[in-house]
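Please look at one helix and at the sheet beside it, and consider how the two are arranged.

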Amino acid sequence: MTIPSTRTIPFFNYSALFMEQEPELTHIIKDVCRRGAYILQKDLVEFESRLAEFMGVKYAFGVANGTDAIWLGLMAVEIGSKDEVIFPSHTYVATAASVHFVGATPVLAEIGPDHMLDPASVESLITTRTKAIMPVQINGRTCNMDLLQAIADKHGLMILEDAAQGLGSKFKGRSAGSFGRFGTISFYPAKLLGCFGDGGAIVTNDDAIAEKIALLRDNGRNAEGRVVAWGFNSRLDNLQAAILNFKLKTFPDDIVRRRTIAAHYQARLGELKELALPPSPEDDPRHFDVYQNYEIEADRRDELRDDLENKGIRTIIQWAGTPVHQFHELGFTNVMLPNTDRFFTRCLMLPMNTVLSDDDVDYICDKICDFYRHEVP
Ligand SMILES: *Cc1c(COP(=O)(O)O)cnc(C)c1O
């Protein structure tokens, strides 16, 4: 008989995160509402300039969500019908949908041992129609951009970055999102820098792309309010921007905390031969990882997950267990990605967030160690 657990460790604790800073956040919300400052106001302008500075890019534009960021970006660089865009199947369906909705063909690639887009797989998928490579800076890690840039240069392709999960991560000192013609960020509440609803950003160093994005996200209106192009309404709410402005100030501390938790998991679980852990914070000096997620590979993954659930520990299988190429309803019927298929029988995300205590991490590690040491006869 299983004794129900008295302890619960949620995968992500939205309310605890709010309550940690409730007085400051309430003050900000009241301030914005008392000013009636909702759309394209100073908090957004300030956030965009601080985000651009944080990422080391020339321009940042707040948009409605991370999905819009990708498809508006694709439109700005004029990806369209007959074009192919290569990206990993291990991503959110939004990456693929964005490519689909500009009329281009999503081409799905494998991931390598560090869970990032595999350069060899990318190269094998290039055709005369390929226009862009879109690395997904997943789990708070940036791809080896030297390898991908070399492939892009060799074949005359653009690099476009889905850095929805990558804010603050770096490769050779350069921020995720700053390598491509454009990069995109998501401020979904459980993302590294989360707002209180949907939010996203597009960043770029290119003046012409910046100009197009400014129009695309605001119904084609220029700085004087005159309509000069076709556009949509996809603006980051000023209220969300005010919240993000506040959170960005202490974001570097959040990154330190996430890296400490990753090191803690590494120290406690690194010896278990049944697991493959993500690269540790000190693994490779070229990579600065910020651990949006702590995604492991585990033997007997489903049993482990059930066991942890019974002990009050909530884990998640990314994308509800389905990489993009397995969505047959979306037309991916004959895509062979054996490495990704195998990965999705083994992958699991352990709790990873700034609300987690050291004691929580120890509890999780104790239960994982117990699981592998006590084989049911
Ligand atoms: C979250 C996410 C998105 C979409 O962001 P939303 O803000 O939810 O629209 C896109 N790509 C990846 C890899 C993501 O994790």
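Helix α3 (residues 42-55) has 14 residues, which at 1.5 Å a residue should span 20 Å, and its end C-alpha atoms are indeed 20 Å apart, so the two values agree. The expected span is 1.5 Å times one less than the number of residues, and helices (H or I, at least four residues) and strands (E, at least two) are DSSP runs, numbered from the N terminus. This is a predicted model, in which local features need pLDDT of at least 70 and side-chain atom pairs count only at pLDDT 80 or more, while totals for chains, interfaces and linings use all residues. Residues are numbered from 1 along each chain as its sequence is written, and side-chain values use heavy atoms, with hydrogens and water left out.

The table sorts residues of α3 by accessibility, where buried means under 20% relative accessible area and exposed over 50%, with partly exposed in between (1.4 Å probe, protein chains only).

| Group in α3 | Residues |
|---|---|
| Buried | Asp43, Leu44, Phe47, Glu48, Leu51, Ala52, Met55 |
| Exposed, on the face turned away from the buried side | Lys42, Val45, Glu53 |

The buried residues cover an arc of only 160 degrees around the axis (taken from the directions from the helix axis to the C-beta atoms), which puts them on the same side of α3. An α-helix has 3.6 residues a turn, so residues three or four places apart point the same way.

The neighbouring sheet is open, and its four strands have the order β1-β10-β9-β6 with mixed pairing, where two strands pair if DSSP finds at least two bridges between them. The edge strands, β1 and β6 (161-162), each pair on one side only.
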